[in-house]
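This report walks through a single protein model. Look over the sequence and the fold before reading on.

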Amino acid sequence: MSTDLVLVNAGQLYDPASAGTTAAMLLSRDGRIEAVLRPGEPGPPAGSARMIDLTGLTVLPGLIDAHAHLVGRLEYAGLPAIDETAESELTAGEANALATLRAGFTTVRDVGTYRGLLDIELRRRIEAGDVPGPRMQCAGAMITRPGGGGEVTGEEPEAIPAEFRRGVVRDPGEVRETVGRLIDAGADVIKLIVTGAVLTRGTMIDAVELGRPLIEAAVDAAAARGVFVAAHAHGADGIRIAAEAGVRSVEHGSLIDDAGIEAMVEHGTWLVADLYDGDWIDEVGRRDGWPAATLEKNRATTQAQRDGFSRAWRAGVRMAYGTDSGVYPHGLNARQLRYLVRYGMAPRDAIAAATSGAADCMGWGDRVGRLEPGCHADLVAVAGDPGADVTVLERPIVVIKGGVLVRDDRPASG
Ligand SMILES: [Zn+2]
């Protein structure tokens with residue numbers, strides 16, 4: 001049986017413990033890290049491994065975006081694309097997946113599509129090797145109450161195709177049924193729309209749309225299948241209720257208050273705060289004349305969210321990096337790192353949120369987010385010291401997924 005052995009001269013390997021770097025070689029077998037070799041340690045027999053030489057670069061684990069929406073075109077950000085075909089949404093998703101991967105993001109948690117299950121089909125194509133893209137955890141659909149933040153609003157329900165309503169629930173029984181159906185279809189994370197959404201017209205961001213009995217039903221039904229729940233929540237009450245009901249992560253967390261922070265610390269709930277995209281929405285929304293109510297909702301949430309993030313971080317809330325990519329163009333995923341630093345994190349903590357932290361939040365800490373034996377050989381190489389300046393991660397030179405080069409901008413040698 002032939003194996004694919006790759007020896008990566010990692011140049012300087014970023015060390016999350018010290019936030020410094022050490023010289024190391026990574027030995028990958030069949031896409032997984034077999035050993036991290038320090039200088040002087042023997043490697044595989046000469047000629048038995050492919051060599052990838054990253055001398056002069058700094059190597060980190062492949063980055064993780066724990067809040068992405070890969071399917072669909074940016075023009076429909078936050079809005080259901082009823083007039084599109086599923087295939088055209090998937091074609092856009094394939095381009096988005098490639099842009100994400102090339103940006104150094106080798107794993108994403110895809111937290112839902114309006115047209116259900118397209119994320120799972122995109123993942124199937126990536127895993128089959130038909131198209132390049134990151135590893136994906138998929139929600140399949142967004143669980144929402146009728147007319148809620150994950151629903152097609154402004155249309156009569158009868159006018160909405162069924163594939164857009166796979167996540168619509170009215171009571172705990174329907175929640176359980178829907179969770180089970182989505183997991184059967186391939187979902188490995190469950191996404192709840194607990195409060196209104198910024199970009200869904202007609203919904204209120206501080207209104208609780210899914211009450212505690214429905215959240216608990218989702219957490220319980222998902223846990224029975226070994227799956228975590230991610231809760232979209234902007235409003236303070238929704239954030240607190242979701243944490244108390246046992247969700248794995250709160251998404252956005254815009255209007256978090258002290259009670260919400262306390263509940264998240266107590267329950268070990270992860271916060272996935274998309275600190276960057278409010279700037280993007282404001283810029284494009286004003287340029288393109290988006291509805292004033294949408295822009296006002298965005299402005300109100302953006303600064304509040306950043307302040308809340310700072311307070312939550314200081315209080316000890318666990319942070320996983322997630323950007324809501326799809327609201328802004330895919331491939332700019334690393335741009336948010338500097339916002340994490342601006343609002344209170346040390347660079348090493350921001351990097352941890354985008355690697356080991358996001359992996360742990362997803363329950364994938366044993367396979368991604370770290371360069372350790374047993375993990376996928378997913379890595380990104382940059383010029384410069386990300387521990388001093390996280391913006392170097394916006395310009396990856398080399399990206400490797402499963403031991404395979406997927407981006408190589410090293411200057412040609414010789
Ligand atoms: Zn989102």
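The sections below cover two sheets, the helix packed on them, one buried threonine and the cavities.

## Basis

The model is predicted, not experimental. Residue numbers start from 1 along each chain.

## The three-stranded sheet

One open sheet has three strands in the order β6-β7-β8. Their pairing is parallel. The edges are β6 (63-68) and β8 (135-138), and each of them pairs on one side only. From one strand to the next, the twist averages 15 degrees. As a general point, strands of a sheet pair through backbone hydrogen bonds, either parallel or antiparallel.

Strand β7 covers residues 105-110. Four bridges tie β7 to β6 in the parallel sense. In that pairing, Ile64 stands opposite Thr107 of β7. Four bridges also join β7 to β8, again parallel. Here Arg109 stands opposite Gln137 in β8. How many residues of β7 are buried? The count is six of six, and the strand is mostly covered.

## Helices across the three strands

Two helices lie over this sheet. Helix α2, residues 118-127, lies across β7 and β8. Its direction makes about 155 degrees with β8. Helix α10, residues 347-362, lies across β6, β7 and β8. The angle between α10 and β6 is about 50 degrees.

## The six-stranded sheet

A second open sheet has six strands. The order is β9-β10-β11-β12-β13-β14, with parallel pairing. Its edge strands are β9 (142-143) and β14 (318-319), each paired on one side only. Helix α10 packs on this sheet too, touching β11 (228-233), β12, β13 and β14. The direction of α10 makes about 120 degrees with that of β13.

Within the sheet, β12 (residues 249-252) and β13 (residues 270-272) pair in the parallel sense. Three bridges hold that pairing. Val250 stands opposite Leu271 in β13.

## Thr144 in its loop

Thr144 is found in the loop between β9 and α3 (172-184). Is Thr144 buried or exposed? Its relative accessible area is 1%, so Thr144 counts as buried, because the cut-off for buried is under 20%.

Which residues does Thr144 contact, leaving aside neighbours within four places in sequence? Gly149, Gly150 and Glu151 are among them. Gly167, Val168 and Val169 also make contact with Thr144. Ile193, Glu209 and Leu210 complete the list.

## Cavities

How many cavities of 30 Å³ or more does a search of the whole structure find? It finds five. The second largest cavity holds about 60 Å³ of space.

The lining of the second largest cavity has 13 residues. Lying nearest its centre are Tyr114, Met142, Gly150, Phe164 and Gly167. By class, the lining has five nonpolar, five polar and three charged residues. Two of these names recur from the previous section: Gly150 and Gly167 line the cavity and are also in contact with Thr144.

Methods: Predicted model: local features only at pLDDT ≥ 70, side-chain atom pairs only at ≥ 80, totals over all residues. Heavy atoms only, no water. 1 Å grid on protein atoms, 1.4 Å probe; cavity = no way out; pocket = protein on both sides within 12 Å on 5 of 7 lines; lining within 4 Å. Points joined across faces, edges and corners; volume = space filled by probe spheres on them. Nonpolar A, V, L, I, M, F, W, Y, C, P; charged D, E, K, R; others polar. Pairing = 2+ DSSP bridges. Axes fitted to C-alpha atoms, helices over the stretch in contact; angles between N-to-C directions. Contact = heavy atoms within 4.5 Å. Buried < 20%, exposed > 50% of the residue type's maximum accessible area, 1.4 Å probe, protein only.
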